[in-house]
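Dear colleague,

Please find below the structure that I am handing over to you, with its sequence. My notes on what was found in it follow directly after.

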Amino acid sequence: MNYETLYNSIQAYAENTEALFVANIPVFVQEAEERIYNTVQIPALRRNVTGTMTAGNAYLSLPDDWLSNYSIAVIDGAGTYTYLLNKDVNFIRAAYPNPSSTGLPQYYALFGPQYTDQKELSFILGPTPDDFYTAELHYFFYPESIVTAGNTWLGDNYDPVLLYGALREAYVYMRGEPDMITNIENKYQEAIAQLKRLGDGLERGDAYRNGQTRLPYNQL
């Protein structure tokens, strides 16, 4: 389902073509997307980037779209990966009280803004890098909305959750009948459960390690 189809479906289901309602359809969709993305970890929410740890600098700036971390690795000159352990800033400060003590980083912590731009987040590393290392970061982010992209992974692969999520926002906006809102919410929760089976279930393993899916049955 692309955005045009979703847009038309919301109007058709809600039976509302009033100008202010139509103008808010993009808001309904974007609110639904964020709700979905914070409920199910689908693969489209993962991003991988590489950057550079600077010798003598204990901080590593994060991408503007960073929301949370999956992993961070430091890659030395030989191409060896060392995955850093997540700690608190207090641990980094206590373990490495002198920032001039350098070495291959082993730990990281979310430090927050380190410059005047309060939106620019960073990690603090421990110990402070003793050389210029490549950093490989896997992180959680919000992909571009279907409103502006036209097509997204969610719209292409499991559109019911997007449709019912947007309709839920639309009916709340219209102050719809409680039973109608409840019906839409139930359909949304059903769709979310099916998506979680995929995103938080099937994609977390394989038949080699976990065996094939098998439902219990009663013998006659």
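**Overall form**

Among contacts in the protein between residues at least 6 apart in sequence, 70% join residues at least 24 apart. Please keep in mind throughout that this is a predicted model.

The secondary structure comprises nine helices and 10 strands. The protein has a radius of gyration of 23 Å, whereas a compact globule of 220 residues would have one near 17 Å. Taken along the principal axes, the box filled by the C-alpha atoms is roughly 65 × 60 × 30 Å. Of the 220 residues, 35% count as buried.

**The salt-bridge network**

How many salt bridges does a search of the whole structure find? The search finds four. Arg35, Arg168, Glu169 and Glu185 are linked in a network of such bridges, and the individual pairs may be described in turn.

Glutamate 185 forms a salt bridge with arginine 35, at 3.3 Å from N to O. Because glutamate 185 lies in helix H8 (residues 178-201) and arginine 35 in helix H3 (residues 25-37), this pair ties together parts that are 150 residues apart in sequence. As to exposure, glutamate 185 counts as buried, at 17% relative accessibility, while arginine 35 counts as partly exposed, at 24%.

Glutamate 185 also forms a salt bridge with arginine 168, and here the closest N and O atoms are 2.6 Å apart. This pair links distant parts of the chain as well: glutamate 185 is in helix H8 and arginine 168 in helix H7 (residues 159-173), 17 residues apart.

Arginine 168 has a further salt bridge with glutamate 169, with 3.0 Å between the closest N and O atoms. Is each of these two residues buried or partly exposed? Arginine 168 is partly exposed, with a relative accessible area of 22%; glutamate 169 is buried, with 17%. The dividing value here is 20%, since buried means under 20% relative accessible area.

**The surroundings of glutamate 169**

Glutamate 169 is placed in helix H7. Which residues is glutamate 169 in contact with, leaving aside its neighbours within four places in sequence? They are Phe28, Glu31, Ala32 and Arg35. Glutamine 30 is 139 residues from glutamate 169 in sequence, yet the two are 9.8 Å apart in space, C-alpha to C-alpha.

**The nonpolar cores**

The largest nonpolar core has 32 residues, and Ile10, Val29, Ile36 and Val161 are those with the most contacts inside it. Which elements give two or more residues to this core? They are helix H1 (3-14), helix H2 (19-23), H3, H7 and H8. The largest share, eight residues, comes from H7.

Valine 161 may serve as an example from this core. Leaving aside its neighbours within four places in sequence, valine 161 is in contact with Ile36, Leu154, Tyr188, Ala191, Ile192 and Leu195. Apart from the largest core lies another, of 15 residues, and among them are Met53, Tyr108, Leu137 and Phe141.

**The open sheet**

Turning to the strands, four of them form an open sheet with antiparallel pairing, in the order E1-E10-E3-E4. Which strands stand at the edges? Strand E1 (46-53) and strand E4 (81-83) do; each has a single partner strand, so one side of each is left without a neighbour in the sheet. From one strand to the next, the twist averages 25°.

Within the sheet, strand E3 (residues 68-75) and strand E10 (residues 133-140) pair over seven bridges in the antiparallel sense. Serine 71 stands opposite histidine 138, which belongs to E10.

**In brief**

For ease of reference, the main points are these:

- Salt bridges link Arg35, Arg168, Glu169 and Glu185 in a network.
- Helix H7 gives eight residues to the largest nonpolar core, the largest share of it.
- The open sheet has four strands, paired antiparallel.

With kind regards

Terms used:
Residues numbered from 1 in each chain as written. Predicted model: local features only at pLDDT ≥ 70, side-chain atom pairs only at ≥ 80, totals over all residues. Heavy atoms only, no water. Salt bridge = Lys/Arg side-chain N within 4 Å of Asp/Glu carboxyl O. Buried < 20%, exposed > 50% of the residue type's maximum accessible area, 1.4 Å probe, protein only. Core = buried A, V, L, I, M, F, W, Y, C linked by side-chain atoms within 4.5 Å. Contact = heavy atoms within 4.5 Å. Pairing = 2+ DSSP bridges. Axes fitted to C-alpha atoms, helices over the stretch in contact; angles between N-to-C directions. Rg over C-alpha atoms; globule rule 2.2 N^0.38 Å.
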